[in-house]
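This report describes how one protein chain is held together, moving from its charged pairs to its cores and then to its main pocket.

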Amino acid sequence: MARKRLPARPRSLKARRAAAAAITARLEQVYPHSRASLDFRSPFELLVATVLSAQTTDVRVNSVTPELFEAYPTPQALAGASREDLERILRPVGFFRAKARSLHLLAQGLLDHFDGEVPHTLEELTTLQGVGRKTANVVLGDAFNTPGITVDTHVGRISRRWGWTREHDPVKAEMELNRLLPPEIWTSTCHRIIDHGRAICTARSPKCYQCPLADLCPSYEIEMGIPFSAATSDRSRESARAA
């Protein structure tokens with residue numbers, strides 16, 4: 001499938017930062033209560049849940065983690081779990097055999113290298129089984145309040161639509177967003193973008209006609225086929241005729 005063309009964007013970093021600041025301010029107004037959608041009570045639970053969320057939905061992960069953490073609440077307990085019982089619990093999330101093996105190795109890695117504690121740095125987290133930069137940034141931001149950009153499918157897609165990046169590689173996109181946004185809003189902005197991606201800016205058929213950021217979005221004309229100013233003029237004329 002051919003990729004849709006990307007929007008034009010300002011050449012200067014200063015101008016791109018100003019455009020991004022307008023969008024993040026609007027996001028805060030529209031999604032003031034955005035938070036992590038995975039349920040967790042500790043860094044360990046968030047780490048495990050995020051590893052399980054690969055190639056499935058957070059809703060499905062949340063459906064299995066209560067039983068998982070009741071049975072195996074610590075790295076020690078998880079490392080000693082039987083493979084058969086883990087596979088039984090994890091079956092609804094898909095790839096359950098691979099994920100059961102991954103959790104065993106993750107728990108053992110925490111015991112062997114970090115005294116059973118979840119490490120606080122990206123470099124240490126990414127040494128663990130099943131933990132890449134995306135998972136590490138989720139844990140850092142939501143468990144330890146350490147700023148991090150999480151480029152999942154929503155953040156990557158919408159950042160390209162907004163002209164924040166042209167990169168499809170998550171790590172390269174993360175580096176661009178790091179330069180564009182102030183660190184203190186990295187985590188909260190990612191949560192808001194994810195909520196926006198689920199509700200409005202979907203991968204297929206985004207709901208641009210009802211988007212609260214339409215006037216700020218450089219991809220509005222690409223998606224809708226007309227400039228935002230023309231669309232609002234048409235709506236104004238229709239409203240006047242209806243009145």
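In this predicted model, E223 and R161 form a salt bridge in which the closest N and O atoms are 3.7 Å apart. The pair links distant parts of the chain, since E223 belongs to helix α12 and R161 to helix α9, 62 residues apart. R161 is buried, with a relative accessible area of 12%, whereas E223 is partly exposed, with a relative accessible area of 21%.

By the rule applied here, the count of salt bridges comes to eight, and among them is the pair of R26 and D215, whose side chains meet at 2.9 Å, N to O. Here R26 lies in helix α1 (residues 13-30) and D215 in the loop between α11 and α12, with 189 residues separating them in sequence. A further salt bridge joins E67 to R88; because E67 lies in helix α3 and R88 in helix α5, this pair ties together parts that are 21 residues apart in sequence. E67 and R88 are also linked with D85 in a network of salt bridges. The table sets out the three pairs.

| Salt bridge | N to O distance | Separation in sequence |
|---|---|---|
| E223 and R161 | 3.7 Å | 62 residues |
| R26 and D215 | 2.9 Å | 189 residues |
| E67 and R88 | 2.9 Å | 21 residues |

Turning to the interior, the largest nonpolar core has 36 residues, and those with the most contacts inside it include L47, V48, L68, L78 and L103. Two or more residues are given to this core by each of α2, α3, α5, α6, α7 and α8. L78 touches, among residues more than four places away in sequence, F44, V48, L68, Y72, L86, L103, H104 and A107. Apart from this core lies another, of 25 residues, with V151, W162, I200 and Y220 among them.

Helix α2 also holds T50, which counts as buried because its relative accessibility is 7%, under the 20% cut-off. Leaving aside neighbours within four places in sequence, T50 is in contact with L38, T135 and V138.

The largest pocket contains about 690 Å³ of space. Its lining has 33 residues, of which S53, D58, K134, D152 and R198 lie nearest the centre of the pocket. At least two lining residues are supplied by each of α2, α3, α8, α9 and α11, and the largest share, seven residues, comes from α8. By class, the lining has 17 polar, eight nonpolar and eight charged residues.

Note on methods:
Residues numbered from 1 in each chain as written. Predicted model: local features only at pLDDT ≥ 70, side-chain atom pairs only at ≥ 80, totals over all residues. Heavy atoms only, no water. Core = buried A, V, L, I, M, F, W, Y, C linked by side-chain atoms within 4.5 Å. Buried < 20%, exposed > 50% of the residue type's maximum accessible area, 1.4 Å probe, protein only. Helix = DSSP H or I, 4+ residues; strand = E, 2+ residues; numbered from the N terminus. Contact = heavy atoms within 4.5 Å. 1 Å grid on protein atoms, 1.4 Å probe; cavity = no way out; pocket = protein on both sides within 12 Å on 5 of 7 lines; lining within 4 Å. Points joined across faces, edges and corners; volume = space filled by probe spheres on them. Nonpolar A, V, L, I, M, F, W, Y, C, P; charged D, E, K, R; others polar. Salt bridge = Lys/Arg side-chain N within 4 Å of Asp/Glu carboxyl O.
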